[in-house]
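Grab a pencil and work through these exercises with the picture beside you. Each one gives a task and then a solution, step by step.

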Amino acid sequence: MTRTTKSLIVTAALTALPLVAHATEGGGTSYPLGAENYMSGAMPPPGFYGQLFVNHYEADNLRGNDGKKLPVDFRVRANAITPRFIWVSDYTLFGASVALHAIVPLVDLKVELNGQSQSKQGMGDIIFGSALGFHHSDKFHSILSLDMIAPTGRYDRGDLANIGRNYWVIEPVYAMTYVDPDGLNLDAKFMYDFNRENPATDYRSGQEFHVDYAIGWGLGNGWVLGVGGYYYRQTTDDRQDGETIKDNKGRSLAIGPSIKYTSKSGWFVTGKWEQETEVRNRAQGNAYWMKLTVPF
């Protein structure tokens, strides 16, 4: 679990952006890479919390196994508004607070490929899970969680654009936060995805390791300024109909400016822009993120 309250908590995600490329089925992931920001490993006090994620992603090129641009006419544009509901209980386990969360992405996706175009809107794949929040000191916090990603988004194997992945994902998460309102702020959320098979295609995407990160400096007035992004690497090969698919593992790195503002009344907002680079077997583009966290 995590997310700036994820400062508040829990693990995270937004919408699935199923991109037409290589690496994993369709070249996409169930977790929205780079969604997390500052405070991703700090669980808040017991209570109910709401978060709202707003995301825009766009890309106009596909990268092959050698990192070079593929000779195809391609463009993807995705917008998502994603509410998250978080409950931090009064219960403790192993000295940690126990919490639950659920994420329901609402997606608007358009994909263009070699003269063909398709758009879809609707609910994406829902993420839910439980978490343990540890407070090691007043500045250092961590979260250990287990998330499940359910195939609730609309999917059709013959479509160019899909807002669901059509398979379950098991995602263990470890997130850590070091926060100083007048100094260094460090955040990292480590995730590992075990993808199940897509029953419509008999395709099983390889396992994936990814980290959302943020590094900034607190100005002492509620503002934190710095950089953030993600690192992604597919660790095992895809399989289809029992056969291993070689030389198509995905890889990417993203970085860009990242900010946070915390109000005296307890709500906070984060924002960032990410530029993808070092991309292999995936689409390469830009992402814009905003996240609002409010205690109920």
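**Exercise 1: Trace the strands**

In this predicted model, β8 and β9 make a hairpin, with 5 residues sitting between them.

Task: work out which way β8 and β9 run relative to each other, and how many bridges join them.

Solution:
- Step 1. Find β8 at residues 169-178 and β9 at residues 184-195.
- Step 2. Follow both strands: they run antiparallel, and 8 bridges join them.
- Step 3. Check one pair of residues: Val169 stands opposite Asn195 in β9.

Task: now find how many bridges β9 shares with β11, and in which sense the two pair.

Solution:
- Step 1. Look for β11 at residues 208-218.
- Step 2. Count 10 bridges between β9 and β11, with the pairing again in the antiparallel sense.
- Step 3. Pick out one bridge: Asp187 has Ala214 in β11 as its partner.

**Exercise 2: Buried or exposed?**

Task: decide whether His210 is buried or exposed, and find the side chain that makes a polar contact with its side chain.

Solution:
- Step 1. Locate His210 in strand β11.
- Step 2. The relative accessible area of His210 is 1%; buried means under 20%, so His210 is buried.
- Step 3. Look at the side chain of His210: there's a polar contact with the side chain of Asp193, at 3.0 Å.
- Step 4. Beyond its neighbours within four places in sequence, His210 touches several other residues, including Tyr31, Leu33, Glu171, Tyr231 and Tyr232.

Task: do the same for Gln284: is this residue buried or exposed?

Solution:
- Step 1. Go to strand β17, residues 282-295, where you'll find Gln284.
- Step 2. Gln284 has a relative accessible area of 16%, which is under 20%, so Gln284 counts as buried.
- Step 3. Set aside the neighbours within four places in sequence, and the contacts of Gln284 include Tyr57, Asp60, Arg63 and Glu276.

**Exercise 3: Positive phi in the loops**

Task: find where Phe94 and Asp241 sit, and say whether they are buried or exposed.

Solution:
- Step 1. Phe94 lies in the loop between β2 (74-93) and β3 (96-103). Its phi is positive, about 55°, although Phe94 is not a glycine.
- Step 2. Asp241 belongs to the loop between β13 (238-240) and β14 (243-245). Asp241 isn't a glycine either, and its phi is a positive value near 55°.
- Step 3. Exposed means over 50% relative accessible area, so Phe94 at 71% is exposed, and so is Asp241 at 56%.

Conventions
Residues are numbered from 1 along each chain as its sequence is written. This is a predicted model: local features need pLDDT of at least 70, side-chain atom pairs count only at pLDDT 80 or more; totals for chains, interfaces and linings use all residues. Side-chain values use heavy atoms; hydrogens and water are left out. Two strands pair if DSSP finds at least two bridges between them. Helices (H or I, at least four residues) and strands (E, at least two) are DSSP runs, numbered from the N terminus. Buried means under 20% relative accessible area, exposed over 50%, partly exposed in between (1.4 Å probe, protein chains only). A polar contact is a pair of N or O atoms within 3.5 Å; within protein, one must be able to donate a hydrogen and the other to accept it, and residues adjacent in sequence count only if both atoms are side-chain atoms. Contact means heavy atoms within 4.5 Å.
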